[in-house]
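Reader: I would like a close look at one part of this protein, starting from a single residue and what it touches, and then working outwards to the strands and the core. Could you take me through it with care?

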Amino acid sequence: MSKKSEKPAEGKEPESSWKDVIYNPRTGEFFGRTASNWGLILLFYLVFYGFLVAMFVFTIWVMLQTLNDDTPKYRDRVASPGLAIRPNSLNIVFNRSEPLQYGQYVQHLESFLHQYNDSEQAKNDLCMAGQHSEQDEEPQKKVCQFRRSLLQRCSGMEDTTYGYAKGQPCVIVKMNRIIGLKPAGDPYINCTSQSEKPLQMQYFPHEGTIDRMYFPYYGKKAHEGYVQPLVAVKLLLKKEDYNSELIVECKIEGSNLKNNDERDKFLGRVTFRVLVTE
């Protein structure tokens, strides 16, 4: 008995397989789309995201055209400078008989004052005292000298321990930089004891004055080499002041600069603690 060869019925489509989801050889579709469809989709997204990138780059470029390399665009949030001290610690604690304890403060002061060395300041200009050094039209701003020797007993030139070995430490007060600041009046630093004990202090330069010739400041790039004016405060501690924590507050006085804003305790003032033992 002869077997009849089985032939598929004409017009009947072969059964589909799960492999056809990835690639269908009958229609030439890959993941359900033909090559031309995938090409059109890819072209659309290339054009779409290319446009987004171009628009983002353009907006950044436009914004950069409004900026000045020397001066920030918005400077109205900080009208008065804050005060800071060196050594960079609001709690100065040491034993005057132990050099290892106050050595960190001495080293910090020495490092900070290096830029104020007379040899470094000799290349800067001698400015007219008592008036602002306005240089708005000058492309290269001159820098007024502030020699380290102006700090006298707190310069580290006479006493290399800045008074720490004698239990009469020096603290340097400086104003933070603000571009374009021109303080009115005759600003000076005044420090007072917030403790029950009265405290004697000595200021360098004399009476803690900050000369107006160091203002205005024109920015790090335009005013290269600029150094802030400093006021050194020497705490004339006595034997009865040792072993007790002393609280000292320094303020900027004699000008239109703010120093009593309760929302910002560093605006125009700074408070630090000193504890000297022996």
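Author: In this predicted model, Phe 204 touches Leu 150, Leu 151, Gln 152, Arg 153, Cys 154, Leu 230, Val 231, Ala 232 and Lys 234, when residues up to four places away in sequence are not counted. One of these partners, Arg 153, lies 51 residues from Phe 204 along the chain, and yet the C-alpha atoms of the two are separated by 7.9 Å. Phe 204 itself belongs to strand S7, which covers residues 201-204. Its relative accessible area is 3%, and because buried means under 20%, Phe 204 counts as buried.

From here we can turn to the sheet. Four strands make up an open sheet with mixed pairing, and their order is S4-S10-S9-S6. Strand S4, residues 91-95, and strand S6 stand at the edges with a single partner strand each, so one side of each is left without a neighbour in the sheet. From one strand to the next, the twist averages 25°.

Within this sheet, S6 (residues 188-193) and S9 (residues 246-253) are joined by six bridges in the antiparallel sense, and one bridge partner set here is Tyr 188 with Glu 253 of S9. On the other hand, S9 also pairs with S10, residues 269-277, again antiparallel and over six bridges. Between these two strands, Val 248 stands opposite Phe 272 in S10, while Glu 249 stands opposite Thr 271 in S10. As a general point, the side chains of a regular strand alternate between the two faces of the sheet.

The core comes next. The largest nonpolar core holds 55 residues, and Tyr 164 and Ile 189 are those with the most contacts inside it. Helix H2, which spans residues 99-113, gives the most to this core, contributing six residues. If neighbours within four places in sequence are left aside, Tyr 164 is in contact with Pro 87, Ile 92, Phe 94, Arg 96, Tyr 102, Tyr 105, Val 106, Leu 109, Pro 169 and Cys 170.

Lastly, there is a stretch for which a record can be set beside the model. An unreviewed UniProt entry lists residues 40-64 as "transmembrane region". In the model, the chain over residues 40-64 is 100% helix and 0% strand, and the C-alpha atoms at its ends are 36 Å apart.

Methods
Residues numbered from 1 in each chain as written. Predicted model: local features only at pLDDT ≥ 70, side-chain atom pairs only at ≥ 80, totals over all residues. Heavy atoms only, no water. Core = buried A, V, L, I, M, F, W, Y, C linked by side-chain atoms within 4.5 Å. Buried < 20%, exposed > 50% of the residue type's maximum accessible area, 1.4 Å probe, protein only. Contact = heavy atoms within 4.5 Å. Pairing = 2+ DSSP bridges. UniProt positions renumbered as here; feature names shortened; annotations may be inferred. Axes fitted to C-alpha atoms, helices over the stretch in contact; angles between N-to-C directions.
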